[in-house]
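Reader: I'm new to this structure and would like a close look at a single part. Could you walk me through the aromatic rings and what sits around them?

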Amino acid sequence: VNFNNGNATVTHSAGLLTSNVDIVVPAEAYGSSWNGSNEAPTKNDVYDKIEALGASTVTGFSAHKNETDQTGISDDVLTKITFGTELYDTGGTFASSTWTPSSGLIGIDATVYFNGVLAGGFAELHVYKNGASFKRNFLPTALGTDFQMGLSMQDNANGTDTYEIYASANATTTWSVSGQKKSTWIMGIEY
């Protein structure tokens, strides 16, 4: 056993070092002001910091139309797409097909299956932010009248921003959105 300036070093016969006293670690070992002070953290401070970092959770939601088609959508009119069934909503921030995430970086993925669109026309899928088009995907419909379109995006939300999915398409009279769970859905995540 060697005691030097309040530090203890114990050497075991197998060559292992152990200690039954707290060893003082200089602040330089952690960098200055690691927690707002220039004092070295205690062992419990370090454990608390590790626990706090490990306890962070990611919040988000996933929703779909639950096999209910959205029908009678007018030709060339941007229409809010509804998602009536939530698979999960860990932040409690998705309601009435509108997401109001906490402030910070967020991501949205949405897919819509269009039915009855005019061949040779177009379809659009939008993410609306605070009631206005924010991001858009545009697709000419030269190959057919039923198809699936997706859109992914990230943003830095402010805590009161709202996000919704809108779509528009050319049709002879009206078009519809398939209610298939695997074909029309939305997911959001707060990073």
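Author: Let's start with a term we'll need along the way: a residue is called buried under 20% relative accessible area, exposed over 50%, and partly exposed in between. Keep in mind, too, that this is a predicted model.

Now to the rings. Two rings of Phe, Tyr or Trp pair if their centres lie within 6.5 Å, and by this rule the count comes to 7 aromatic pairs. One of them joins Trp 99 and Tyr 163, with 6.2 Å from centre to centre and 50 degrees between the planes, which makes the pair tilted. Trp 99 belongs to strand E9 (residues 98–99) and Tyr 163 to strand E14 (residues 163–169), so this pair ties together parts that are 64 residues apart in sequence. Are these two rings buried or exposed? Trp 99 has a relative accessibility of 1%, so it counts as buried, and Tyr 163, at 2%, counts as buried as well.

Another pair has Tyr 128 and Tyr 166 as its partners: their ring centres are 3.9 Å apart and the planes are at 20 degrees, so this pair is stacked. Tyr 128 sits in strand E11 (residues 122–129) and Tyr 166 in strand E14, so here the parts tied together are 38 residues apart in sequence. Tyr 128 is buried, with a relative accessible area of 11%, and Tyr 166 counts as buried at 17%.

Back to Trp 99 and Tyr 163 for a moment. Together with Phe 61 and Phe 94 they form one aromatic cluster. Tyr 163 has plenty of other company: leaving out residues up to four places away in sequence, the residues it touches include Ser 97, Pro 101, Ile 106, Ile 108, Val 127, Tyr 128, Met 153 and Ala 157. Tyr 163 also belongs to the largest nonpolar core, which has 29 residues; Ile 108, Phe 114, Tyr 163, Ile 165, Trp 175 and Ile 186 are the ones that touch the most other members. Several strands feed this core: E4, E10 (104–115), E11, E13 (147–157), E14 and E15 (174–177) each supply at least two residues. As a general point, nonpolar side chains in soluble globular proteins tend to be buried together.

Ser 97, one of the residues Tyr 163 touches, is worth a stop. You'll find Ser 97 in the loop between strand E8 (94–95) and E9. At 7% relative accessibility, Ser 97 counts as buried. Its side chain reaches the backbone nitrogen of Phe 83 at 2.8 Å. Not counting neighbours within four places in sequence, Ser 97 is in contact with Lys 80, Ile 81, Thr 82, Phe 83, Tyr 163 and Glu 164.

There is also a ring with charges over it. Lys 129 lies over the face of Phe 134, 4.8 Å from the ring centre, and Lys 135 lies over the face of Phe 134 too, at 5.0 Å.

Finally, two loops. Asn 130 is in the loop between E11 and strand E12 (132–140). Its phi is near 55 degrees, a positive value in a residue other than glycine, and at 43% relative accessibility Asn 130 counts as partly exposed. Asn 66 is in the loop between strand E4 (59–64) and strand E5 (70–74). Asn 66 has a positive phi of about 55 degrees although it is not a glycine. With a relative accessible area of 36%, Asn 66 is partly exposed.

Technical notes:
Residues are numbered from 1 along each chain as its sequence is written. This is a predicted model: local features need pLDDT of at least 70, side-chain atom pairs count only at pLDDT 80 or more; totals for chains, interfaces and linings use all residues. Side-chain values use heavy atoms; hydrogens and water are left out. Rings of Phe, Tyr and Trp (its six-membered ring) pair if their centres lie within 6.5 Å; planes under 30 degrees apart count as stacked, over 60 as edge-to-face and the rest as tilted. Helices (H or I, at least four residues) and strands (E, at least two) are DSSP runs, numbered from the N terminus. Buried means under 20% relative accessible area, exposed over 50%, partly exposed in between (1.4 Å probe, protein chains only). A charge sits over a ring if NZ of Lys or CZ of Arg is within 6 Å of the ring centre and within 35 degrees of the ring normal. A polar contact is a pair of N or O atoms within 3.5 Å; within protein, one must be able to donate a hydrogen and the other to accept it, and residues adjacent in sequence count only if both atoms are side-chain atoms. Contact means heavy atoms within 4.5 Å. A nonpolar core is a set of buried Ala, Val, Leu, Ile, Met, Phe, Trp, Tyr and Cys residues joined through side-chain atoms within 4.5 Å.
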